[in-house]
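Here is a friendly note to read with the model open beside you. Take the points one at a time, and find each residue on screen as you go.

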Amino acid sequence: YQGQVSFRTGVYKSVNPVFVRLAQKMGIEKFYQYIRAFGFYDKTGIDLEGEGKSIFQAKPVEVDMAVASFGQRFTITPIQLITAYTAIANGGKMMKPRLVKELTDQEGNIVRKFEPEVIRTVISKQTSDTLRDILEGVVSEGTGKNAYVKGYRVAGKTGTSQTTHGSDVYTASFCAFAPADNPVICVLVALFDPRGDSYMGGTIAAPVAGKIIEDTLEYLQVERRYTEKDLEEIREEVYIPDVREKTVSEAIKALAERDLRYRIEGDKENKDAVVVEQTPKPGASIQKKSTIVLYTYKPEEEVTVKVPDVLNMSVADATEILRQAGLNIKVVGSGTAYRQSVVPGEEVIAGEVIEVEFKYLEVEDGGDIDLE
């Protein structure tokens, strides 16, 4: 499935038939057996008044199954979706959602506990493990890359669904659990009718989910386990040493130990000259091979340069353009540059660090469910 489908106009746009063929291979009886088993026909029973209902065909026929296979002509609720994900995260066992873990008295003593409750087994553990691997691949290699968190294995799926509110009204979503191999939390971010450069779930919902996952796992003190790729990227950053009041020779040596470059403003020939000021200031984290400007005099006005526009560039191109301008870069995320901390054309002190945020701007890779 490569695009959106409008059944109001009866026009199909680049529908990938793979999903339809898979559904046909399963057969309509088994297809809807799993739809029901994952709870999409029923309310979850969460302890809140007014829980919404999904909308499914009461007596589906072949064409209903065909369009449902790529996520069209039905709606589900967010709580139904995140409940269904628990079956994938828990070895096939779907868990009943609950709002309260325990009740305590004024002294902090537990007076009542609400234990986890298994609703039913939906899929086998083997199928659950396979789906975990597939969903982890969506984040590490696919359209969910913007939810990637160093040290935490994230498994999830992007969503970009049409709604019943109009042909140009979408819901962008990302649902995930982490760590993928030993899940602790499940997160769903759904953004209704997003406006801006993109309405794709992988572009705007996945980064939010990734940040929530990172902050929550840190709060829960879940230990990070870095991959070699993570460690390689982490090793690319160093802390800027304080080289003020050192000689130029000593300063150059200290910077070289951290794989940092330098540029001298002032007495360029005398290696015994003392460094009076430096930019960027010490203590900040910076990429290796960045340039530190060393002043051998107290400048009345520090040297300034214009900040170039690096939006829509790759990490490598943005880094090179900023370095050519006499500036340094702090890379946040990966993919394509979509935000920079200083407006292009603004004058800043030479050697300053410009923070540039990157994310993947890929087109969605599949049909998705309408969250109502």
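The points below go from the whole chain down to single residues.

1. Before anything else, please keep in mind that this is a predicted model. Every value in this note is computed from that model.

2. Let's begin with the overall make-up. The protein has nine helices and 19 strands. Its radius of gyration is 26 Å, whereas the globule rule gives 21 Å for 372 residues, so the protein is more spread out than a compact globule. You can get a feel for this by turning the C-alpha trace, which spans about 85 × 60 × 35 Å along its principal axes.

3. Next, look at inside and outside. Of the 372 residues, 44% are buried. The protein exposes about 20200 Å², and carbon and sulfur atoms supply 50% of that area.

4. How do parts of the chain meet? Among contacts with a separation of 6 or more, 64% are between residues 24 or more positions apart. Glycine 71 offers one place to look: its C-alpha atom is 9.5 Å from that of glutamine 162, although the two residues are 91 apart along the chain.

5. Stay with glycine 71 for a moment. Where does glycine 71 lie? You will find it in the loop between helix H3 (62-68) and strand E1 (75-76). Is glycine 71 buried or exposed? Its relative accessible area is 8%, which is under the 20% cut-off, so glycine 71 counts as buried.

6. Now for the charges. There are 46 positive and 57 negative charges in the protein, and the mean positions of the two sets are 6 Å apart.

7. The aromatic rings deserve a visit too. The count comes to seven aromatic pairs. One of them joins phenylalanine 31 and tyrosine 32 in an edge-to-face arrangement, with 5.1 Å centre to centre and 70° between the planes. Phenylalanine 31 has a relative accessible area of 11% and is buried; tyrosine 32, at 5%, is buried as well.

8. Another pair is made by tyrosine 85 and phenylalanine 177, also edge-to-face, with 6.4 Å between centres and 70° between the planes. This pair links distant parts of the chain: tyrosine 85 sits in helix H4 (residues 78-89) and phenylalanine 177 in strand E7 (residues 166-178), 92 residues apart. Both tyrosine 85 and phenylalanine 177 are buried.

9. One last thing to find on screen: which residues form one aromatic cluster? They are Tyr41, Phe56 and Phe74.

How values were computed:
Residues numbered from 1 in each chain as written. Predicted model: local features only at pLDDT ≥ 70, side-chain atom pairs only at ≥ 80, totals over all residues. Heavy atoms only, no water. Helix = DSSP H or I, 4+ residues; strand = E, 2+ residues; numbered from the N terminus. Rg over C-alpha atoms; globule rule 2.2 N^0.38 Å. Buried < 20%, exposed > 50% of the residue type's maximum accessible area, 1.4 Å probe, protein only. Contact = heavy atoms within 4.5 Å. Areas by Shrake-Rupley, 256 points an atom, 1.4 Å probe, with all protein chains shown as cover. Lys, Arg positive; Asp, Glu negative; His and termini not counted. Charge placed at Lys NZ, Arg CZ, Asp CG, Glu CD. Phe/Tyr/Trp six-rings, centres within 6.5 Å; stacked < 30°, edge-to-face > 60°.
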